[in-house]
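Colleague: Thank you for making time for this. I am new to this structure and would be glad of a short tour.

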Amino acid sequence: MTPLIEVTLSWLFKNAKGRDAKSFYTGPGFADVQYNQEIIVTAPEIGPTNSKLGVEYTHDGEGKFPALRWEAPAHIAGEVKEWLLVSEDPDAPLSTPICHGIYTGIPPTKTSVDAKDFEVEDSSKALLKGGFHYGRSRNGSVYIAPRPLLNHGPHRYFFEVIALNEPLDPSLLSASATREQIGEAIVEKVLGWGIKLDELVQELQSIKQSVNGQTTSLPSQGTGYEPLAFKEPNPQRPGIPSPISASSAAEVRPPIVPPVVTTPRPAPVAPSSAQVTQPVTHSPAGIPLAQSPGSEPTLPRALGSQPFSADDIDYYFQKYFECFHPYMPIVHVRDPNRCYETGPLLFWVIVYVASRRYARSPKVFPFLVETLKKDVFAAIAVMPLSMPSINALILLCTWIFPDVRFVNDPCALFSGVCMNTALQLGIHTGRGAHPEFSHGIFQNSFSDEETSFTWAGYNIVAQRVASCMGIPPLGGLFNQTVQNVIDGRVPFRVPPAFRVLLECQKFCNRLTRTMVACLDESRGVSPHVVQLLEDEWAAVRGLICSERADEIDRFNALLVQLEIQMYYLMPLPGYDAEALKRDALRAYSTAQAAIRSCLALDAAVDFLRHLPHFHFRALLAAGCVVFRLLRSSYRSALDAAAAERSAADVVAACRRATLADGDLPMRLGAMLQSWLDRLPGVPYAPGDDLPPVSAFCHRLSASVSFDCMTTFKKDHVSSKQRGAGQQQQSSSSYANAGLPPVGAAAPPNANAATAVAENPADPLQSIDWTFMDDFDWTFEPVMPALGAPTLFLGSGGNGGSRGQS
């Protein structure tokens, strides 16, 4: 092929690059480990990841295979039975990456290779001098040295090392074994993997040289190519950092990452209309961020009076995509510049979400909360919204402002606006640029993938808002578009965890609609209807929670089961007492399991630090089930120690999830802690001998939460009345004993032997009583009666002001 033809082909196929989604490591064998590179692969002769291959490793030079070294963590190294090595080029202008070489049967004790290992020992057995075998490359040779098309830009070359828990079939240790055959053979055999990424640019200085047949290999015009994890469109598992993500000392479990090429960052101040073609790369902490070739550096921005430098923006985008995005993976524009140009509201919402836990300044997060509130409500006043604005509202419903209350939670409003705009733009069809929904001011110009993810994300938050607030579904339309995403009948990859969450909310939508119909006709739900739904969910759960499901999938499935079982606490009048007790105790057991699962996730992936709002409301419901049964006639049937431990776990989870002073987790945790302190051995007000039947049946799955709050209020009022009566009785006892009344000064010569301890601290003093204002209840906290009357000498306890002791 002449250079002129090559240059022409490069121009024709200039955008045919980046086939990362079809790389070897995305195959079915990597389903459980795809987003967790645990094996460190290095190339001592070449340098760190993103280094440029020297001429001796290319087709124009000696074509040597680069020397590689790899290291596996201890929990993998002892189980390795065989290594597999794959080399491929994902930037070749073909439908799939070019396989430059695939090598099987590498002994478990061998953790390095060099060029001599790839010399042929016995071609009849496809055996190399390194003691392993070679499979079929694209042209059938042992190894294809890199040689990209002229002027096609940088090509990346992946060197992937895979640890297998059992050897491959001997029939695959041959020169005819293809990349696809080996990929199918390693299913359920992959222990872990790692990658080394290097690049090569083959460019011409001028068209005249191409005509004359002269070629020149020039250094890359960029500063290093985009690392794999941010090129790969598939998001990582919730809580698992991406392969090249940053880590700081304040974070838990820093990822094992290869280094990234370092290049000084310019600090341009460019107009907002700057053209951006490649995403920004986020690299490990302490290493400058590398830009993709031809991309613009991230621009500094300002929101109101608050400036954000380019490094700040890169940092917050990195934290968002690393720690929050996997829970709601609807944003597909990862380049900050492009994100800002397409939707400033989405841009600032991403910064806000990241700053919830990773603000570089203590003033940043409060500023973003106050400013975004105004901007969001101003944006929804102008219809129709753009696709990025819809995604911004979905993210806000997932991580709502920390100062929301039960009665002023704007999630219902936001999800309603999303539904209205999504339907008018035709997003519900799952088709981008739908001609029937692109007219006038409603212009639909997005892709099928963006459309499907946004519609799926809307349905998730709409259903969770309905379940958490105890209202009928807010227009959640789990139509064929959603079903196609769940079933994987789409031309793009959907993260498995997102599909499971979507399936869970689809069932919850059906559950809620069924219960709304039942409660329209009677004040209660038949346990037979609940049992039928529970059995149906058990079948669905068995399908979606297979052996490959992770803990977040099982947690989501467990929450659905709890939501179903909470309807047992809303029985029809004339219910069977024994059946109710049996069913209520099952709901209690499920609530305990959900709480344990939540804490286990937190220990593994910092779940509570990045907790979506709807998951916290589900945790609240589980805690209310536990506390409600502790405050009922079923208390004697519970394991007291286990029940109080579960109650304490709920309080601990609330404290762990607390984001700011006075937010919902903090207020809820303080309230439940005060209730927990009074549980052991303390008689309650009348009604303690009644079963935990909810008085709020028309609040659907949120009924137990509302009923629990009401019961807390009754207990508080009862404590207040008992405290007043005991105080009056104490004053009478003091008078009969010749002692000064409560509040009077003690005699100066009072006998110390008759003195008793001062008034103990009010156990309710730590509660922010505005929590009860959510239910329009105004009353003052008092110290509950914790035991027999106590004699006081000196000043007594005060009645307490709101929120103070």
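Modeller: One definition comes first: a residue is buried when its relative accessible area is under 20%, exposed when it is over 50%, and partly exposed in between, computed with a 1.4 Å probe on protein chains only. This is a predicted model, in which local features need pLDDT of at least 70 and side-chain atom pairs count only at pLDDT 80 or more, while totals for chains, interfaces and linings use all residues. Residues are numbered from 1 along each chain as its sequence is written, and side-chain values use heavy atoms, with hydrogens and water left out.

Colleague: How many helices and strands does the protein chain have, and what share of its residues is buried?

Modeller: There are 22 helices and 13 strands; these are DSSP runs numbered from the N terminus, with helices being H or I of at least four residues and strands E of at least two. Of the 805 residues in the protein chain, 55% count as buried.

Colleague: What share of the contacts joins residues 24 or more positions apart?

Modeller: Among contacts with a separation of 6 or more, 75% are between residues 24 or more positions apart. Contact here means heavy atoms within 4.5 Å.

Colleague: Let us look at Ala 621. Where is it, and is it buried or exposed?

Modeller: Ala 621 lies in helix α18. Its relative accessible area is 9%, so Ala 621 is buried.

Colleague: What is Ala 621 in contact with, beyond its neighbours in sequence?

Modeller: Leaving aside neighbours within four places in sequence, Ala 621 touches Met 566 and Ser 705. Val 704 is 83 residues away from Ala 621 in sequence, yet their C-alpha atoms are 6.9 Å apart in space.

Colleague: How do the axes of α17 and α18 cross?

Modeller: The axes of α17 (residues 577–605) and α18 (residues 613–630) come within 9 Å and cross at roughly 135°. Axes are lines fitted to C-alpha atoms, for helices over the stretch in contact, and the angles run from 0 to 180 degrees between N-to-C directions. The crossing angle therefore makes α17 oblique to α18. Angles under 35 degrees count as roughly parallel, over 145 as roughly antiparallel, 65 to 115 as roughly perpendicular, and the rest as oblique.

Colleague: Which residues make that contact, and how do they divide by type?

Modeller: On the α17 side they include Ala 584, Tyr 588, Ile 595 and Cys 598. On the α18 side they include Leu 619, Gly 623, Val 626 and Leu 629. The contact residues divide into 13 nonpolar, 2 polar and no charged. Ala, Val, Leu, Ile, Met, Phe, Trp, Tyr, Cys and Pro count as nonpolar, Asp, Glu, Lys and Arg as charged, and the others, Gly among them, as polar.

Colleague: Changing topic, how many salt bridges are there?

Modeller: The count comes to 20, a salt bridge being a side-chain nitrogen of Lys or Arg within 4 Å of a carboxyl oxygen of Asp or Glu. In one of them, Arg 156 pairs with Asp 20, with the closest N and O atoms 2.8 Å apart. That pair links distant parts of the chain: Arg 156 is in strand β10 (residues 155–164), and Asp 20 is in the loop between α1 (3–12) and β1 (40–42), 136 residues apart.

Colleague: Are those two residues buried or exposed?

Modeller: Arg 156 is buried at 0% relative accessible area, and Asp 20 is buried at 0%.

Colleague: What about Glu 88, which residue does it pair with?

Modeller: Glu 88 forms a salt bridge with Arg 179, the closest N and O atoms being 3.0 Å apart. Glu 88 is in strand β4 (residues 82–89) and Arg 179 in helix α3 (residues 179–185), 91 residues apart. Glu 88 is buried at 0%, and Arg 179 counts as buried at 10%.

Colleague: How far apart in helix α9 are Lys 373 and Glu 370?

Modeller: They are 3 residues apart in α9 (residues 364–379), so about one helical turn separates Lys 373 and Glu 370. Their closest N and O atoms are 3.9 Å apart, and they form a salt bridge. Lys 373 is partly exposed at 21%, as is Glu 370 at 43%.

Colleague: Which residues are linked in a network of salt bridges?

Modeller: Glu 534, Arg 582, Asp 583 and Arg 586 are linked in such a network.
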